[in-house]
Structure formats: C-alpha cells, structure tokens
Amino acid sequence: MADFRAVAEADPAQAADAHKNLGLAWSRQARAAANAGGDARPLLERSFAEFEEALRLAPQSAESWNARATVWGLRGDLEAERGEDGGESFRRGIADFGEVLARRPGFVGALSNRAALHCRLGEIQAERGEDPATSWRAATEDLDEVVKRAPDQPLARMQRGGLAIKLAEIEAA
C-alpha cells in the first residue's frame, strides 16, 4: 500500500486512482480480518475514507463509484454475518451503483452487482416481516438488462428465475 500512497502524494494526475486502489486494498484486508474472526470495521472505515478522497478528486470516476459500491455490499454482508442489519449498507451500495450507471450506462458488472444488493436487501426485508417485492422487482429489472446486454450470462438468467419464483409466492399469498 505504500506504493499507492506514494503515487497519491507525488502525482496529482494519478491521485484519484491511487486512493481508489488504497480503498480496495483496505477492503481486502477487512475481508481477511473478518474471515479470521477479527473486527473488519476499522479497516472498512479506512477503505471508505480512501474512496471519499478518490471521489473528491475525480467525482466522475465510474470505477471509484463502482469500487465503493462493492465495498458497501461487503459491509452489508459482514453486518449480516454478525447478526446486524445490513440494510442501510446495501441501500448505500445500490445508490452508488446508480452513480456508476449514470456515468457508464448499461455497465453489466454494475447492473449485476446492484441486482445482488437488491436481492440481499429483499432478504433482510423478508426476515423483518416487511414486503421484499419492491427490492426483488428492482433486482429483476437489473437482471433483465444484464440478459439483454450479455445474453451469455447463465447466472443472471438463473437469478432472475429464482426471483420470479419468490415474487410469485408473494403474489399468491
């Protein structure tokens, strides 16, 4: 990480990318800490601080928005693993993926990942006894777009099929 920090300090033209990469490095350390049973929260906070700086320097960077959105998803997953409510983290990730798509319309990776966060948010809503249909419909819309843009993506088709079953069960109830 020292190399990224050195670039961020020495080369203003590369500083935003360096901060984005630092954010990704801290997020990988957070996942490793969580996998080892440690507390990932301080590492995630460092990750988010780097993304904030990357976005301050280059607010139009779809890559930085995408990276931060992905880490919001990681944070939500880690919160859920600890028995906490990851819903707000998933919502923030969904919003960041919206920023990615505003800058790179049709980006399949962002659509797929946003669909995954909508699915996770719907699961949390269902666990709380809330209606998950809106979240699952939003995921389905994103997956429809993925299938349209990348028809060779079998996982998107399978996820979409699973959501259709869940939505049919809700509507039948």
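A helix here is a DSSP run of H or I with at least four residues, and helices are numbered from the N terminus. Keep that in mind for the exercises below, and remember that the model is predicted.

**Exercise 1. The overall build**

Work out which secondary structure elements make up the chain, and how its radius of gyration sits against the globule rule.

Step 1. Count the elements: the chain has eight helices and zero strands. Read from the N terminus, that gives α-α-α-α-α-α-α-α.

Step 2. Now the radius of gyration. It comes to 17 Å, close to the 16 Å that the globule rule gives for 173 residues, so the chain is as compact as a globular protein of that length.

Step 3. Add the outline. Along the principal axes, the C-alpha atoms fill a box of roughly 60 × 35 × 25 Å.

Step 4. Look at the inside and the surface. Of the 173 residues, 43% count as buried. The chain exposes about 9,000 Å², and carbon and sulfur atoms supply 52% of that area.

Step 5. Finish with the contacts. Take those with a separation of 6 or more: residues 24 or more positions apart account for 55% of them.

**Exercise 2. One face of helix 3**

Find the buried residues of helix 3 and say where they lie around its axis.

Step 1. Set up the helix. Helix 3 covers residues 41-57, which makes 17 residues, and it reaches 24 Å from its first C-alpha to its last, close to the 24 Å expected at 1.5 Å a residue.

Step 2. List what is buried: Leu43, Leu44, Ser47, Phe48, Glu50, Phe51, Ala54 and Leu55.

Step 3. Look down the axis. These buried residues fall within an arc of 160 degrees, so they line one face of helix 3.

Step 4. The general geometry helps here: an α-helix has 3.6 residues a turn, so residues three or four places apart point the same way.

Step 5. Zoom in on one of them. Leucine 55 sits in helix 3 and has a relative accessible area of 7%, so it falls under the 20% cut-off for buried. Setting aside neighbours within four places in sequence, leucine 55 is in contact with Ser61, Ser64, Trp65 and Arg68. Leucine 55 and tryptophan 65 are ten residues apart along the chain, and their C-alpha atoms are separated by 7.4 Å.

**Exercise 3. A bridge between helices**

Pick out the salt bridge between glutamate 45 and arginine 75, and say which parts of the chain it ties together.

Step 1. Start with the tally: the whole structure holds 20 salt bridges. As a reminder, side chains of opposite charge can pair when their charged atoms come close.

Step 2. Check the pair. Glutamate 45 and arginine 75 meet through their side chains at 3.7 Å, N to O.

Step 3. Place the partners. Glutamate 45 is in helix 3 and arginine 75 in helix 4 (residues 62-81), so the bridge ties together parts that are 30 residues apart in sequence.

Step 4. Check the exposure. Glutamate 45 is partly exposed at 43% relative accessibility, and arginine 75 is partly exposed at 23%.

Step 5. For a network, look at Asp39, Arg41, Arg82 and Glu84, which are linked by salt bridges.

**Exercise 4. The two sides of helix 7**

Identify the salt-bridge partners of glutamate 145 in helix 7, then find what the buried residues of this helix pack against.

Step 1. Helix 7 spans residues 133-149. Its end C-alpha atoms are 24 Å apart, which agrees with the 24 Å that its 17 residues should span at 1.5 Å a residue.

Step 2. Take lysine 148. Its salt bridge with glutamate 145 has the closest N and O atoms 3.9 Å apart. The two are three residues apart in helix 7, so about one helical turn separates them.

Step 3. Take arginine 149. It meets glutamate 145 in a salt bridge at 2.7 Å, N to O. Here the partners are four residues apart, again about one helical turn.

Step 4. Compare exposure. Glutamate 145 is partly exposed at 21%, arginine 149 is partly exposed at 45%, and lysine 148 is exposed at 62%.

Step 5. Turn to the buried residues, among them Trp136, Thr140, Leu143 and Val147. The buried residues of helix 7 pack against helix 6 (108-127) and helix 8 (154-172).

Step 6. Follow one contact set. Threonine 140 is buried, with a relative accessible area of 17%. Not counting residues up to four places away in sequence, threonine 140 touches Arg160, Leu163 and Leu167.

Methods:
Residues are numbered from 1 along each chain as its sequence is written. This is a predicted model: local features need pLDDT of at least 70, side-chain atom pairs count only at pLDDT 80 or more; totals for chains, interfaces and linings use all residues. Side-chain values use heavy atoms; hydrogens and water are left out. The expected span of a helix is 1.5 Å times one less than its number of residues. Buried means under 20% relative accessible area, exposed over 50%, partly exposed in between (1.4 Å probe, protein chains only). The arc is that of the directions from the helix axis to the C-beta atoms. The radius of gyration is taken over C-alpha atoms; the globule rule is 2.2 Å times the number of residues to the power 0.38. Contact means heavy atoms within 4.5 Å. Accessible areas come from the Shrake-Rupley method with a 1.4 Å probe; for residues, only the protein chains shown count as cover. A salt bridge is a side-chain nitrogen of Lys or Arg within 4 Å of a carboxyl oxygen of Asp or Glu.
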